[in-house]
Amino acid sequence: MANTQAACRAGVDIGGTFTDVALEYEGRLSTAKVLTDYEKPERAIVQGLKLAAAEAGISPSIIRSVVHGTTLATNALIERRGAKTAFITSDGFRDVIEMRNEGRFEQYDLAIQLPPALIPRCDRYSLKGRLDANGHELVPLDLDGLDGIIDAIRAGGFTSVAVGLMHSYRNGAHERKVREHLLRALPGVAISISSEVSPQIREFERFNTVCANAYVKPLMSSYLNRLASALAEEGMRCPLYLIHSGGGLMSLASAAEFPVRLLESGPAGGAIYASHVAARYGLERVLSFDMGGTTAKICLIEDLNPKTARTFEVARTYRYKKGSGMPISIPVIEMVEIGAGGGSIAHVDDLKQVRVGPESAGSEPGPACYGRGGERPTVTDADLVLAKLDAKRFAGGSITLDTAASHKAVETHVAKPLNGETVQAAYAVAEMVDENMSNAARMHAVESGRDLSEYAMIAYGGAAPLHAARLCEKLGMDRLLVPPGAGVGSAIGFLRAPFGYESLRSAVMRLTRFDADVVNGMIAEMNEEVSSFLRETGHTGTTVRELRAYMRYAGQGWEIPVAAPMAVVDQAGLGVLRENFVQAYTQLFGHEVVGLDVEVVSWSLSLRSEVPPPERIKASLGDRVASRKDYPPIDSRQVFDAKTGEFLDCAIYDRASLPVGLRLDGPLIVTEKETSSYVSPSYSLILQEDGCLLIQRAEKEVA
């Protein structure tokens, strides 16, 4: 069974504009890219799988597993179109999700407007009963009061309920009792409890996370069941796995129960894809750049692994500033995401400045050039005006772009308000979106204390290869890789992801007052949780276990991750923990704090299947330079170059016919089915033996 699955597996990524499919069969990769169907997303998936199967020359029924990632849950939170949800919390804490943590994302704005709570106050109910910080019962649950809340929920027509009680991360007994009563009284209503969704300290983040899970649970459960049925109707009666935000695969049942884990599933697949490419070339420091139709995602990959975090924010409302969004407390691959994609809409604001995004034209109506009713200019329209896109070769020729419509949209909405020319307006749009993305990359690097000039970029997504060279120019980066199948990179990344899950628990405990029995009991519970998730996927092979402690000096407000290479924690283990903490703290802050006690705030335990490392490849830097006469292009045209600010004679090459190891100097464009790669005059192109495009700065050699 395992060999069959390895021979025929499919990855499917739903984006805001396109649905991408990557299918592996007997070592060959077949891909498809179709417009996302907002009414029934599963229809686009089935269509894409059929197209990829047809390209591979097989029947869809031969597919033995489908790995899926989607932004549907994220979009539901951003657009506030989830289920009618009630929130039950401890008496006196009804307003926690509205009061937040009193942080101000814009310190000097006296009229600051905080994002509204996901659950309005009238739908939040408080219940008497209380646990202390160690999980011991102080006040028993008021079951009579719970009956009154149940009556109100029934009368209000709620379809989902979130339960978040104080200190339930230490003891979930009260929450489980509330769930039992709700299930008996309200059959058919979805229930989410914080002690299972996110058993971590800090009630604001924990309450928000369980509310988000409950809010999208009916929607995602319905969608996932429809998808499974649609696949079965087409003969694809195979396991359906979901990739979660931490980069592992989970079962359909687990995804339906904990859909909040899917919020960053698509971008996580892209980061895994970039990590796989980085491992193939032995690149220790990589900036992954994913630009699709709606958003751009940037992630740092170090030591062949993407950076991870325990929390992230959804739907930042103020210039993407930290603190202006909805905090979600789950394991996640850490990245910065901005509203900059091919479908991002450009406009001129009241100050006569060009703005791009975050609003996107998506697939309906799409950019003006799609001819589907869109009239406002997008990044794709600007690229077409600048001749970076070929109207007849877009998406492998499946979509013929309307150049006149792009010119009209850019002229009407950007050029005329600025009293300028259409080409200059398109240039302004392209430069603005490139500057937005490069600023996001700089911010992400600075927050991590990194210098991007020492990094290589790996670009993927439908729009990224077209803009990546310009980002490298802006960021001072010398090397860029565009892997094969880059246009559907996240979908390919799904096929490289391990089966895996991560469990988190909080228990604040100083090392000088450490209770090993409590901690080891908690670790045993976490081990059973992650093992059960893996059993649900059907994985029976070898696994990799990783235990981490989140530690700080006593009195500090935040903690850092520390490796805990031990099965159980004893006195010897405490010494290792303290030593590892001091080393990690010193590396991060440059010094240790002598005389302060150290405490553990939380623990995380991950279990994942072993993924064999890819075969290493030595990058070819090009033995000889080929002129157009030596290697004629399939076409040429005048293309606008942002750095020189003028149209240049640009050679057009087909990726499938490029020779391996031959160096071609820019400006040039490489076309393929799902994307196009632009090589500016400052860079050269060498096709590698595995099909990767190596684009490196021409004026100096890069080792």
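Ring pairs gather Tyr 553, Phe 581, Tyr 585 and Phe 589 into a cluster; rings of Phe, Tyr and Trp (its six-membered ring) pair if their centres lie within 6.5 Å, with planes under 30 degrees apart counted as stacked, over 60 as edge-to-face and the rest as tilted. The model is predicted, so local features need pLDDT of at least 70 and side-chain atom pairs count only at pLDDT 80 or more, while totals for chains, interfaces and linings use all residues. Residues are numbered from 1 along each chain as its sequence is written, and side-chain values use heavy atoms, with hydrogens and water left out.

Across the whole structure, the search turns up 14 aromatic pairs. One of them is stacked, because the rings of Tyr 501 and Phe 533 have centres 3.7 Å apart and planes at 10°. Tyr 501 sits in strand S25 (residues 500–510) and Phe 533 in helix H16 (residues 516–537), so this pair ties together parts 32 residues apart in sequence. Helices (H or I, at least four residues) and strands (E, at least two) are DSSP runs, numbered from the N terminus. Both Tyr 501 and Phe 533 are buried, where buried means under 20% relative accessible area, exposed over 50% and partly exposed in between (1.4 Å probe, protein chains only). Tyr 553 and Tyr 585 pair up edge-to-face instead, at 4.9 Å centre to centre and 80° between the planes. Here strand S26 supplies Tyr 553 and helix H17 supplies Tyr 585, so the parts tied together are again 32 residues apart in sequence. Tyr 553 and Tyr 585 are both buried.

That brings us to H17 itself. Helix H17 (residues 571–589) has 19 residues and reaches 27 Å from its first C-alpha to its last, close to the 27 Å expected at 1.5 Å a residue; the expected span is 1.5 Å times one less than the number of residues. Its buried residues include Gly 573, Leu 574, Leu 577, Asn 580, Phe 581 and Tyr 585. Seen down the helix axis, the buried residues of H17 fall within an arc of 130°, so they line one face; the arc is that of the directions from the helix axis to the C-beta atoms. Ala 572, Glu 579, Gln 583 and Gln 587 are exposed on the other side of H17. The cover over the buried residues includes strand S26 (543–553), strand S27 (560–563) and strand S28 (598–609).

The ends of H17 have their own details. At the N-terminal end, Asp 570 acts as a cap, with a side-chain oxygen 3.2 Å from the backbone nitrogen of Ala 572. Just past H17, Gly 590 takes a positive phi of about 90°. Asp 597 follows in the loop between H17 and S28, and counts as buried at 14% relative accessibility. The side chains of Asp 597 and Thr 512 share a polar contact of 2.4 Å; such a contact is a pair of N or O atoms within 3.5 Å, where within protein one must be able to donate a hydrogen and the other to accept it, and residues adjacent in sequence count only if both atoms are side-chain atoms. Leaving aside residues up to four places away in sequence, Asp 597 touches Arg 510, Leu 511, Thr 512, Arg 552, Tyr 553, Ala 554 and Arg 578, with contact meaning heavy atoms within 4.5 Å.

Then there are the charged pairs. The count comes to 37 salt bridges, each a side-chain nitrogen of Lys or Arg within 4 Å of a carboxyl oxygen of Asp or Glu. Among them is Asp 151 with Arg 154, whose closest N and O atoms are 3.1 Å apart. Asp 151 and Arg 154 are 3 residues apart in helix H5 (residues 143–156), so about one helical turn separates them. Asp 151 is partly exposed at 46%, and Arg 154 is partly exposed at 45%. Asp 665 bridges to Arg 663 with closest N and O atoms 3.3 Å apart; Asp 665 is partly exposed at 37%, whereas Arg 663 is buried at 12%. Shared partners also join Arg 202, Arg 310, Arg 510, Arg 552, Glu 559 and Glu 599 into one salt-bridge network.

A few backbone oddities round things off. Gly 666 and Pro 667 are joined by a cis peptide bond, with omega about 10°. Asn 419 has a positive phi of about 55° although it is not a glycine, and counts as exposed at 75% relative accessibility.
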